[in-house]
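Morning, everyone. Please have a look at the fold, and then we will go through its cores and its rings.

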Amino acid sequence: MAARGVTEETARAFGLGWAPEAWDRLADRLEREGLREAGLATGLVQPRKKGASCYDFFRGRVMLPLRSPDGRPVGFGGRLLSGGAGGPKYLNSKDSPLYHKADTLFGMDLARAEIRWLHRAVLVEGYFDCVPLHQVGVRHAVAPCSTHLTPGHLQMLARAEAWTCPGHPYNPGPSTHGMGPCARPLPSSTSFEAP
């Protein structure tokens with residue numbers, strides 16, 4: 001399944017999928033296959049307030065796996081389509097032992113090699129700003145999984161050897177120690193709006 005304007009190849013690279021509007025389609029399947037606890041642990045299903053059953057957390061959304069820099073799935077993000085099930089436009093998995101939105105950059109698994117080669121990253125606001133850029137060859141684009149750029153995001157960029165982040169106010173260039181600006185510690189209160 002490819003979203004409008006996204007090629008099948010790009011959809012496969014990013015793992016685009018669809019969560020139907022049903023309240024318990026995934027929950028019922030996980031229950032039948034003995035995977036209820038895995039669904040709860042990953043945040044794909046939530047327990048109902050009454051009874052022992054669960055409901056699907058993501059409904060009526062285009063889905064994307066959120067991955068670690070080495071490509072392991074750590075969570076999920078979903079974008080609501082107009083006329084869908086309702087709720088916020090974007091919905092992410094809740095923080096867990098595997099996934100911390102303040103430390104996760106969407107697309108880093110696909111962008112890391114290009115960032116290392118160019119020593120720069122293009123930061124964009126959301127998943128569906130990042131996906132089309134990769135499709136047209138801007139393979140060093142990434143997006144924060146939270147609404148603010150955090151020190152954790154900057155540390156991840158530093159580990160990928162990004163020395164500059166065009167369009168971002170924190171962009172002093174390479175440091176004298178051969179580390180990018182993202183490696184410099186930020187005050188704990190610092191946060192930037194994603195461009």
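I will take the nonpolar cores, then the aromatic pairs. Keep in mind that this is a predicted model.

Cores to begin with. The largest nonpolar core holds 17 residues. Leu 16 and Phe 106 have the most contacts inside it. Which elements supply at least two residues each? They are α1 (8–14), β4 (61–67), α5 (127–135) and β9 (141–144). There is also a second, separate core, this one of 13 residues. Leu 105, Met 108, Ala 121 and Ala 160 are among them.

Now the rings. The structure has five aromatic pairs. Take Trp 23 and Tyr 55: they form a tilted pair, 6.0 Å centre to centre, with 55° between the planes. Where do they sit along the chain? Trp 23 is in the loop between β1 (17–19) and α2 (25–32). Tyr 55 is in strand β3 (residues 54–56). That is 32 residues apart, so the pair links distant parts of the chain.

Buried or exposed? Trp 23 counts as partly exposed because its relative accessibility is 48%. Tyr 55 is partly exposed too, at 23%.

Trp 23 has another partner. Arg 59 lies over the face of Trp 23, 3.5 Å from the ring centre.

Next, Phe 57 and Phe 58. They pair edge-to-face, with 5.0 Å between centres and 85° between planes. Phe 57 is buried, with a relative accessible area of 13%. Phe 58 is buried as well, at 5%.

Last, the cluster. Phe 14, Tyr 90, Phe 106 and Tyr 127 form one aromatic cluster. We met Phe 106 in the largest core, as one of the residues with the most contacts there.

How values were computed: Residues are numbered from 1 along each chain as its sequence is written. This is a predicted model: local features need pLDDT of at least 70, side-chain atom pairs count only at pLDDT 80 or more; totals for chains, interfaces and linings use all residues. Side-chain values use heavy atoms; hydrogens and water are left out. A nonpolar core is a set of buried Ala, Val, Leu, Ile, Met, Phe, Trp, Tyr and Cys residues joined through side-chain atoms within 4.5 Å. Buried means under 20% relative accessible area, exposed over 50%, partly exposed in between (1.4 Å probe, protein chains only). Helices (H or I, at least four residues) and strands (E, at least two) are DSSP runs, numbered from the N terminus. Rings of Phe, Tyr and Trp (its six-membered ring) pair if their centres lie within 6.5 Å; planes under 30 degrees apart count as stacked, over 60 as edge-to-face and the rest as tilted. A charge sits over a ring if NZ of Lys or CZ of Arg is within 6 Å of the ring centre and within 35 degrees of the ring normal.
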